[in-house]
Amino acid sequence: MISPEFEPRLTESERRRLEELEGQLTAQFPGLARALNHGRPATLAPGERLPAFLAAAVLLSLAALVGGAFGAVAVAITLVSTAGVWTALQLLRSRPQQRSRTAPLPRKPEPPTAG
């Protein structure tokens, strides 16, 4: 919930809709909701940290030897991008598989057609 001093001026219907959307997102992505509520990003398990660090160090060393500084920078960018994709996949995997629990978004009524 947004703290009162920073809450934008919303109509009652906008506020209700925002709370509905928040509830739906929390139901669809509980792992993301937990991470945001607790301020903790997804991290590697303790057993995965050392192999990941060693692999990154080997790749950066090889890139520096073969391609010089630019090669090392390119590999570093690739490693950071890979870590970002891994984090996104972890968040998606923590999402519940059953989507039928969330209510569908209400549809706007279509205007009557002449005819």
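How far apart along helix α1 are glutamate 20 and arginine 17, counted in helical turns? They are three residues apart, so about one helical turn separates them.

**Basis of the model**

This is a predicted model, in which local features need pLDDT of at least 70, side-chain atom pairs count only at pLDDT 80 or more, and totals for chains, interfaces and linings use all residues. Residues are numbered from 1 along each chain as its sequence is written, and side-chain values use heavy atoms, with hydrogens and water left out.

**Overall fold**

The protein has three helices and zero strands. Its pattern along the sequence is α-α-α. Helices (H or I, at least four residues) and strands (E, at least two) are DSSP runs, numbered from the N terminus. Helix α1 covers residues 12-28. Helix α3 covers residues 46-93.

The chain holds 115 residues, and 7% of them count as buried. Buried means under 20% relative accessible area, exposed means over 50%, and partly exposed lies in between (1.4 Å probe, protein chains only). The accessible surface comes to about 9800 Å². Carbon and sulfur atoms own 66% of that surface. Areas come from the Shrake-Rupley method with a 1.4 Å probe; for residues, only the protein chains shown count as cover.

Among contacts with a separation of 6 or more, 58% join residues 24 or more positions apart. Contact here means heavy atoms within 4.5 Å.

**Salt bridges in helix α1**

The structure holds four salt bridges. Each needs a side-chain nitrogen of Lys or Arg within 4 Å of a carboxyl oxygen of Asp or Glu. Three of them are tabulated here.

| Acid | Base | N to O distance |
|---|---|---|
| Glutamate 12 | Arginine 15 | 2.1 Å |
| Glutamate 19 | Arginine 15 | 2.7 Å |
| Glutamate 20 | Arginine 17 | 3.1 Å |

Arginine 15 pairs with glutamate 12 and also with glutamate 19. Glutamate 12 sits three residues from arginine 15, about one turn of the helix. Glutamate 19 sits four residues from arginine 15, again about one turn. Both pairs lie in helix α1.

Are these side chains buried, partly exposed or exposed? Glutamate 12 is partly exposed, at 44% relative accessible area. Arginine 15 is partly exposed at 25%. Glutamate 19 is partly exposed as well, at 33%.

The pair from the opening question follows suit. Arginine 17 counts as partly exposed at 26% relative accessibility. Glutamate 20 is partly exposed, with 41%. Elsewhere in the bridging, shared partners join Glu12, Arg15, Arg16 and Glu19 into one network.

**Ahead of helix α1**

Leucine 10 is placed in the segment before α1. It counts as partly exposed because its relative accessibility is 35%. Leaving aside residues up to four places away in sequence, leucine 10 touches Arg15 and Leu18. Arg15 is thus a contact of leucine 10 and a salt-bridge partner of glutamate 12.

**A nonpolar patch**

Val58, Leu62, Leu65 and Val66 make a nonpolar surface patch of about 450 Å². Patches are made of residues with over 30% relative accessible area and no salt bridge; like charges are joined within 9 Å, and nonpolar side chains (Val, Leu, Ile, Met, Phe, Trp, Tyr) within 5 Å. Leucine 65 lies in helix α3. Leucine 65 counts as exposed because its relative accessibility is 72%.
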